[in-house]
Amino acid sequence: MPVANSKRAQLTAPPSEEQPLVAVVVVILTVVDDDLRVLLIRRSGEPYRDFWALPGGLLGDGETFEAAAVRKLGEETGVRDVYLEQLYTFGELSRGDHAQRGIAVTYFALVQHEQVRLRDSRVWHPAWHNAYGLPRLAFDNNLVVDYAVRRLRSKLEYTNVAYSLLPRQFTLSELQLVYEAILDREMDKRNFRRRMLSLGIIKPSGAKRMEGAHRPAELYTFVKREPVVV
């Protein structure tokens, strides 16, 4: 799985304090019907029973942060070979009154919606939510989602990160819809196409697709389906 470079968080606690719980939380993002969506889990236990929250859990014995993030991603979506990056370490996320202090090492992942197979469960139920219209989430997870979306928006400017949200072949219109969903605004068609072609991160695939009564649309592909800085 492609994983962006990041410094491993150093987690320490003063000897006089109770050792905090350490969890890994994953912000899983996709594009559905031209909207940026985030995967949330409806909690079936305390604290925050019936609240929505990001997928996550405590580290397993001997498990690294990255391995835990990969595990949670696979458990929730059934996919693994996607863009995954360590996001931030949050040390003050709320766990409710009188709960043990917790540290959350967060990651964000980008998945192609058509490849995802969510868990079929009535308890701890998973569902996609619009990233720009979330309810109040458990554990101050709104802060984590906001941070992930801002990171993703920034990366669109200098990386090929969108590759993980699209099939291997796509039209320029489909690529533009992904960018517009992430940026939450419309973009000028000509300027967008000119910029994408000038970056050198996509190329014609040599194939075309019929779309209604219009002439066949040219299909493109990413030059590399792994993280690239441009």
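How are H3 and H4 oriented to each other, roughly parallel or roughly perpendicular?

## Two helices and their crossing

The model described in this report is predicted. In it, the axes of H3 and H4 cross at roughly 100° and come within 11 Å. Angles from 65 to 115 degrees count as roughly perpendicular, and H3 and H4 are therefore roughly perpendicular to each other. On the side of H3, the contact is made by Leu172, Ser173, Leu175, Gln176 and Tyr179. On the side of H4, it is made by Lys189, Phe192, Arg193 and Met196. Sorted by class, the residues of this contact are five nonpolar, two polar and two charged.

## The chain as a whole

The protein chain contains four helices and nine strands. Read from the N terminus, its elements follow the order β-β-β-β-α-β-β-β-α-α-α-β-β. The chain has 230 residues, and buried residues make up 45% of them.

Contacts can also be sorted by the separation of the two residues in sequence. Among contacts between residues at least 6 apart in sequence, 67% join residues that are at least 24 apart.

## The packing of H2 against H3

Helix H2 spans residues 141-156, and helix H3 spans residues 172-183. The two helices pack at an angle of about 140°, and their axes are 9 Å apart. That angle makes H2 oblique to H3. The crossing in which H2 passes H3 is left-handed.

Three residues of H2, namely Leu152, Arg153 and Leu156, meet Tyr179, Ile182 and Leu183 of H3. The contact of H2 with H3 has five nonpolar residues, no polar residues and one charged residue. Tyr179 is listed in this contact, and Tyr179 is also listed in the contact of H3 with H4.

## The two ends of H4

Helix H4 covers residues 189-199. At its start, a side-chain oxygen of aspartate 188 reaches to within 3.3 Å of the backbone nitrogen of arginine 190. Just after H4, glycine 200 takes a positive phi of about 80°.

Isoleucine 201 lies in the loop between H4 and strand E8, which spans 202-209. Is isoleucine 201 buried or exposed? Its relative accessibility is 4%, so isoleucine 201 counts as buried. Apart from neighbours within four places in sequence, isoleucine 201 is in contact with Thr159, Asn160, Tyr179, Thr221, Phe222, Val223 and Val230. One of these partners, phenylalanine 222, is 21 residues from isoleucine 201 in sequence, while the two C-alpha atoms are 5.8 Å apart in space.

## Buried polar side chains

Glutamine 86 is placed in strand E5, residues 83-90. With a relative accessibility of 9%, glutamine 86 counts as buried. Its side chain makes a polar contact of 3.0 Å with the side chain of tyrosine 107.

Two serines are also buried, and both are in loops. Serine 164 is found in the loop between H2 and H3, and its relative accessibility of 5% makes it count as buried. A polar atom of the side chain of serine 164 lies 3.0 Å from the backbone nitrogen of tyrosine 83. Leaving aside neighbours within four places in sequence, serine 164 is in contact with Val82, Tyr83, Leu110, Val111 and Gln112.

Serine 121 is in the loop between strand E6 (102-110) and strand E7 (126-130). Buried means under 20% relative accessible area; serine 121, at 19%, therefore counts as buried. A polar atom of its side chain lies 2.5 Å from the backbone oxygen of valine 123.

## Backbone angles in the loops

Most residues other than glycine have a negative phi, and most peptide bonds are trans. Which residues of this chain have a positive phi without being glycine? Aspartate 34, with a phi of about 65°, is one of them. It sits in the loop between strand E1 (21-32) and E2, and at 45% relative accessibility it counts as partly exposed. Aspartate 184 also has a positive phi, near 60°, and its place is in the loop between H3 and H4.

The peptide bond joining glutamate 46 and proline 47 is cis, with an omega of about -5°. Proline 47 is in the loop between strand E2 (35-42) and strand E3 (52-53).

How values were computed: Residues numbered from 1 in each chain as written. Predicted model: local features only at pLDDT ≥ 70, side-chain atom pairs only at ≥ 80, totals over all residues. Heavy atoms only, no water. Axes fitted to C-alpha atoms, helices over the stretch in contact; angles between N-to-C directions. Parallel < 35°, antiparallel > 145°, perpendicular 65-115°, else oblique. Left-handed = near helix turned anticlockwise from the far one by under 90°. Contact = heavy atoms within 4.5 Å. Nonpolar A, V, L, I, M, F, W, Y, C, P; charged D, E, K, R; others polar. Buried < 20%, exposed > 50% of the residue type's maximum accessible area, 1.4 Å probe, protein only. Polar contact = N/O pair within 3.5 Å; in protein donor to acceptor, adjacent residues only side chain to side chain.
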